[in-house]
Amino acid sequence: MLFYILKRILQVIPVFLGATLLIYFMVFAMPGDPIAALFGDKQPPDALLDQIRAEYLLDQPFIVQYLHYLGGIFRLDFGTTFGGQDVIDVLARTFPVTLRLAVEAVAMAFVLAIVIGALSAFFKNTWFDHTMLVVSLIFVAIPIFVVGFFAQYFIGVKLGWASPTVGENNGWLGLILPAITLAFSIYATSMRLTRSSTIETLGQDWVRTAYGKGLPRRRVIPVHVLRNSLIPMITDLGTQFGVLMVGATVTEAIFNIPGVGNTLYLAIIKHEAPTIVSFVTVFVVLYVIINLLIDLLYGLLDPRIRYVS
Amino acid sequence: MSRNDHFVAPVKGEELVIDRVAVDAKRSNLWLDAWRDMRRRPLFWIATVVALVIVVMAIVPQLFTNVSPTGGACQLLQSNEGAAPGHPLGFDKQGCDIWSRIAWGSRTSVTVGLLATIIGTVIGLVMGALAGFFGGWVDAVLSRIGDIFFTIPYIIAAIVVMTVVPKDERTVLVLAFAIGGFSWASVARIVRAEILRVKQADFVMASTALGLGRFRTLISHVLPNSVAPLIVVATLSLGNNIVAESVLSFLGVGLSGSISWGADISQAQSVIRTAPMSLIYPSLALTITVLAFIMLGEVLRDSLDPKARAQR
């Protein structure tokens with residue numbers, strides 16, 4: 001197990017360096033002068049512009065900027081925004097909101113996905129199964145912003161069950177409507193995964209053995225079937241994390257939620273390169289860490305993984 | 001009897017049975033079986049017809065509408081008006097015919113989706129095939145590069161690329177590269193796994209034994225046998241890439257100056273209370289298009305997998 005952990009951690013290092021380098025390179029190639037853009041119509045003297053550029057290391061070559069930035073990440077210093085705030089402070093303010101949104105969405109999506117997915121597996125090839133599969137395909141096909149607008153319009157505006165925009169009211173309750181929207185984007189994949197892995201487990205010898213030795217259904221299904229078929233859901237959470245980040249960006253833009261995604265979107269519109277880099281980096285760092293943790297957990301839960309690799 | 005002949009004496013009293021090959025049986029291979037399976041499924045026909053209609057619409061939108069989607073045909077006087085003769089879906093905020101904008105907007109969705117899929121699939125195919133077939137350090141390097149691209153969600157990467165590019169240079173090709181250039185990693189993983197599987201087959205060893213070079217073996221024996229999952233992934237990602245285009249247009253970093261469902265939906269957001277139809281119709285068009293391609297991919301996946309076919 002120790003060898004497996006070490007190996008996984010060593011594998012993460014080049015991915016992390018490569019991903020941050022790639023992001024930094026893309027943003028470095030951005031045209032336009034962000035400092036000049038900051039002042040709008042009233043341009044200050046060049047000396048002042050140069051001074052601010054030097055302050056942000058914008059006059060240094062690419063690799064120096066990148067290394068400086070990389071060093072910052074390891075000290076948890078993600079730089080300052082052009083507004084002058086520390087990125088880490090902005091994160092501290094916005095991250096809890098996004099985390100609440102994501103946890104709420106994942107919880108809703110997963111509970112529904114497990115229930116419907118397991119039921120579809122038990123009633124394989126019945127009208128219930130077919131209907132649920134088609135419904136899940138429709139969910140995959142509807143772009144998240146369409147779901148968001150419709151939720152905002154019908155539930156928020158027409159029915160008035162929830163506030164169409166969130167703003168400062170971003171507690172667990174206030175985030176329900178956006179969380180439902182976000183849940184849409186990950187439900188279908190999880191539901192189909194539950195279905196297929198439950199079908200696979202149902203055909204295993206140990207399930208037949210369990211029935212064979214006379215165990216009742218109410219014991220076989222939770223203990224022998226569900227527990228085994230839910231292991232892939234853990235990996236699913238890791239791969240769905242990317243979908244979740246994009247979804248959070250769109251959802252937060254629609255419902256005006258002061259979270260990480262919305263801040264990223266606003267930074268992109270304003271061409272605030274360091275802010276964009278910081279936020280995309282935070283996304284990527286999180287993605288890498290979460291997937292590493294999930295892989296380790298997976299290795300712990302399923303011994304076959306750590307011995308084969 | 002020569003020494004090379006191999007003879008097994010039949011057990012006494014037992015009739016000699018020779019395995020018979022049924023000569024008159026139907027010809028069968030992966031693709032024929034898949035086709036026989038697919039053509040019985042209504043979902044396949046519905047999805048195919050819808051996808052074809054949309055592709056034709058993208059090529060010749062004039063077939064579907066004779067109203068111009070822009071310019072003089074848009075009268076502010078008609079802003080947000082309901083359906084009228086010749087204008088089945090009514091008008092949007094700018095007074096443009098909604099049906100006409102849907103017909104012309106299909107072009108953006110389909111071209112960007114198709115190009116991005118081709119780019120992503122080709123990069124993924126090359127990377128995955130090389131990694132899987134050659135193994136060793138080639139595999140290690142290419143797989144790590146794939147991991148890097150896999151770590152950055154492609155829509156987020158495309159947002160960054162599209163903000164980098166000045167507004168007047170955001171062409172179809174740039175957008176397609178922004179989406180396809182970052183979504184190939186999952187294709188590469190699937191191709192690699194498939195190649196690793198096919199590599200074990202006897203006919204690959206036979207090809208090597210016959211003296212074919214490694215590259216020739218890859219091109220003429222391994223790849224053709226690994227193509228089935230690739231086609232499934234490509235069809236599914238066509239749907240996903242159309243969604244990606246609309247999300248980017250919605251966020252305001254899509255193509256500039258072209259008619260796009262995503263942009264129209266985003267525009268209609270401001271009049272959602274007074275004219276919800278101008279939001280609903282393009283959303284419906286987008287959803288139906290994506291649904292058609294995703295269903296097609298699903299049917300292909302089911303039919304091309306003998307195991308899944310047997311399970312049904």
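What is the handedness of the crossing of helix 7 of chain B and helix 8 of chain B? In this predicted model, the crossing of these two helices is right-handed. Helix 7 of chain B comprises residues 202-209, and its axis lies 10 Å from that of helix 8 of chain B, at an angle of about 150°. Because this angle is over 145 degrees, helix 7 of chain B counts as roughly antiparallel to helix 8 of chain B. Helix 7 of chain B contributes F203(B), V204(B), S207(B) and T208(B) to the contact, while T217(B), H221(B) and V222(B) come from helix 8 of chain B. Three of the contact residues are nonpolar and four are polar, with no charged residue present.

Helix 8 of chain B departs from a straight course. With 37 residues, a straight helix would span 54 Å at 1.5 Å a residue, whereas the end C-alpha atoms of helix 8 of chain B are only 47 Å apart. A kink of about 50° is located at L223(B), shortly before the proline P224(B). After helix 8 of chain B comes G252(B), which has a positive phi, near 90°.

A second packed pair in chain B is formed by helix 9, residues 261-268, and helix 10; the angle here is about 155° and the axes are 8 Å apart. The arrangement of helix 9 of chain B relative to helix 10 of chain B is therefore roughly antiparallel. The crossing of helix 9 of chain B and helix 10 of chain B is left-handed. From helix 9 of chain B, the contact draws on W261(B), D264(B), I265(B) and A268(B); from helix 10 of chain B, the participants are S278(B), L279(B), P282(B), S283(B), A285(B) and L286(B). By class, seven residues of this contact are nonpolar, two are polar and one is charged.

Helices 8 and 10 of chain B also take part in the interface between the chains. There, 35 residues of chain B are in contact with 37 residues of chain A. Two or more residues on the chain B side are supplied by each of helix 4 (136-151), helix 5 (154-164), helix 8 (214-250) and helix 10 (277-304) of chain B. Helix 10 of chain B provides the largest share, nine residues. The chain B side consists of 23 nonpolar, seven polar and five charged residues.

The partner, chain A, contains 14 helices and zero strands. Along the principal axes, the C-alpha atoms of chain A occupy a box of roughly 85 × 60 × 30 Å.

Notes
Residues numbered from 1 in each chain as written. Chains lettered and ligands numbered in written order. Predicted model: local features only at pLDDT ≥ 70, side-chain atom pairs only at ≥ 80, totals over all residues. Contact = placed C-beta atoms within 7 Å. Helix = DSSP H or I, 4+ residues; strand = E, 2+ residues; numbered from the N terminus. Nonpolar A, V, L, I, M, F, W, Y, C, P; charged D, E, K, R; others polar. Expected span 1.5 Å × (residues − 1). Bend = angle between axes of the 7 residues up to and from the residue. Axes fitted to C-alpha atoms, helices over the stretch in contact; angles between N-to-C directions. Parallel < 35°, antiparallel > 145°, perpendicular 65-115°, else oblique. Left-handed = near helix turned anticlockwise from the far one by under 90°.
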